Amino acid sequence: MHLSLRTLVTVTALAGLPSFCFASSVSLPAIAWGVCSESWVGQASGALGARLQCGSMRVPLDHMAPDGREIDVGVVRIRAAIPAMREGSLFFNQGGPGTHPGRLLRSMGEVWSRTDANDPGEGDKRRLAERYDLVAVIPRGLVGSSGIRCETLLPNRHAFLPTHQDDANWQLLVDDAQAMVDACTAPAHARYINTEQHAHDMDTLRRILGDERLNFYGISYGGMVGAWYASMYPTHTGRLLLDSSMDIIHGYRAATRLLIAARNRAFYENVVNPLLRDPMSHGLGGSADTVATSIDNFPARAREAWVGQLDSPARLAAALRVAAWIDSDNPPTLSALIRMINRERFSVDPGLDRRMRKEADGLARSLFSASAGEPSSNGDAESFFVRLAMACNDVTWPRPEHEIRESARRDAARYFNANGDDTMEEVACSRWGGPSARQPDLAVLGRATPFLLIQSEKDTFTPLAGAQHILDAFPNARMLLVRRSDLHGVFNFTTSACIERTAAHYLLTGVLPATPSRSFACGNTFDNPVDALPGSPSPAAGDPVAVDPPAPVAASAPVHHDEI
């Protein structure tokens, strides 16, 4: 799960600030290109041979105010397969912030390079690999770019915030946030890990490669990277593909609010409502109101242990049965709870009964194995640090702590799967010391050449509303809408020849579909290739058709949860 991204950055607030530029006399660092480490790109197949190269460039900590301090920034390159036909470079950012781009870039280059040039949907990917260097600048703080492991070495002391709203626990959360800030701001270059400096690092590599323009493909937070670069270096910006972009108009905190509401809405649409339509078959009696009340009164211990795990009607139904036993019998051990599960008949349908028993068994084990505290850095330590540093260094976090706490109280009541992470992160950023990035005038992006958004209609990571905000703000934006899909990161990850060809052809030529609307969609299937049946033929490549973008999904909530 991505670290939450928050705060308000509007075009209006940014208007009037100057774009960035460099004097042509600034000397460029040298890059000694060589073999890529597996820690940068994973295990390569060898298909790319010597085309796959990695190196480092030594750049100022602060490009706009160099004072002699420097940092090593890693770069990955897959050279154009046909050097004589080389037309430039395509820069890639996988998002996060804090996601390392090396593995996906290498994998993408391998796939594009072996694609059939005559394939009607995929052929332009082969031509991209032949004519363009595929490159990525490793964001500062990650492995290869002066990586930082930001850890307090102690578990968080505060309890699960949505079910522990008391003053003492709030103070523990504030103390944990401060300990995280102290650890993460201690490295000398921590304040220089932000989107502004990353955009400058990208432009440095553009100039080293000798390209007049930088073409860009970014996923999720990568949309903000592309927008900032285009606003800072408009005369050196080429084609921009922003895939599943975060809401660059309203920024980090607004993007997180959209994510939380979208996930809650999807939880009710895909999990709760199907169960309420047929509670009897899941052994929950015939009253939807009774089931809804049980969801609203879910035991705190179970909610904490299973947050985010109840992703199907069968699992939720099993959880409600186990939760009822926790309330009534409070089994003291896992063995006691497993005995109760094994004695229970969950459904008159034998198949559903077996599935619910299996789900209940897994939930019981996670209930008894849940630890009291988690380390202050989860998952990959470098990624955790960069996600936090980018958010805190990019923008101001103005809300006082009493307002943050009040929001946490509302969220706990409103969102079943709220976990409090966004609250701790906002408290941390409010204590970070203020932003270090100079924010560009995003209005400059509106004067660039037309750029392409790709957006799944049901994406819960970066919901459609964010893409619609971008489309409304910039008349040169175009949107390829992926209807009925929840895929986050679309291009290269569908079986739709229409979607794949539209995006690849734009990156190759800059040509967008000629439709009367700035929004268009493909009419054929767009399954994820992982889900396609082996040997199934790819759908024929059609052309996108103009559509009116769907209205933003109302934040209405079924049952008793009123989202406002």
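**Rings and a buried acid: worked exercises**

Arg77 sits over the face of Trp33, 4.0 Å from the ring centre. Keep in mind that this is a predicted model.

**Exercise 1.** Work out how the rings of Tyr229 and Tyr233 are arranged.

*Solution.* Start with the search of the whole structure, which turns up 10 aromatic pairs. Now take Tyr229 and Tyr233: their ring centres are 5.0 Å apart and the planes meet at 25 degrees. Planes under 30 degrees apart count as stacked, so that's what this pair is. Check the surroundings too: both Tyr229 and Tyr233 are buried.

**Exercise 2.** Classify the pair Phe298 and Phe416, then place both residues in the chain.

*Solution.* Geometry comes first. The centres lie 5.3 Å apart with the planes at 75 degrees, so the pair is edge-to-face. Next, location: Phe298 is in the loop between helix H9 (288–296) and helix H10 (300–306), while Phe416 is in the loop between helix H15 (401–414) and H16. That's 118 residues apart, so the pair links distant parts of the chain. Both Phe298 and Phe416 are buried. Zoom out a bit, and they belong to one aromatic cluster with Phe267, Tyr268 and Trp306. Finally, look for a charge: Arg303 lies over the face of Phe416, at 6.0 Å from the ring centre.

**Exercise 3.** Find out what the side chain of Asp441 reaches, and whether Asp441 has a salt bridge.

*Solution.* Locate Asp441 in the loop between helix H16 (421–430) and strand E7 (451–456). Asp441 is buried. The nearest side chain of opposite charge is Arg447, 5.0 Å away; a salt bridge needs to be within 4 Å, and Asp441 has none. Its side chain does reach the backbone nitrogen of Ala443, at 3.0 Å.

Technical notes. Residues are numbered from 1 along each chain as its sequence is written. This is a predicted model: local features need pLDDT of at least 70, side-chain atom pairs count only at pLDDT 80 or more; totals for chains, interfaces and linings use all residues. Side-chain values use heavy atoms; hydrogens and water are left out. Helices (H or I, at least four residues) and strands (E, at least two) are DSSP runs, numbered from the N terminus. Buried means under 20% relative accessible area, exposed over 50%, partly exposed in between (1.4 Å probe, protein chains only). Lys and Arg count as positive and Asp and Glu as negative; His and the chain ends are not counted. A polar contact is a pair of N or O atoms within 3.5 Å; within protein, one must be able to donate a hydrogen and the other to accept it, and residues adjacent in sequence count only if both atoms are side-chain atoms. Rings of Phe, Tyr and Trp (its six-membered ring) pair if their centres lie within 6.5 Å; planes under 30 degrees apart count as stacked, over 60 as edge-to-face and the rest as tilted. A charge sits over a ring if NZ of Lys or CZ of Arg is within 6 Å of the ring centre and within 35 degrees of the ring normal.
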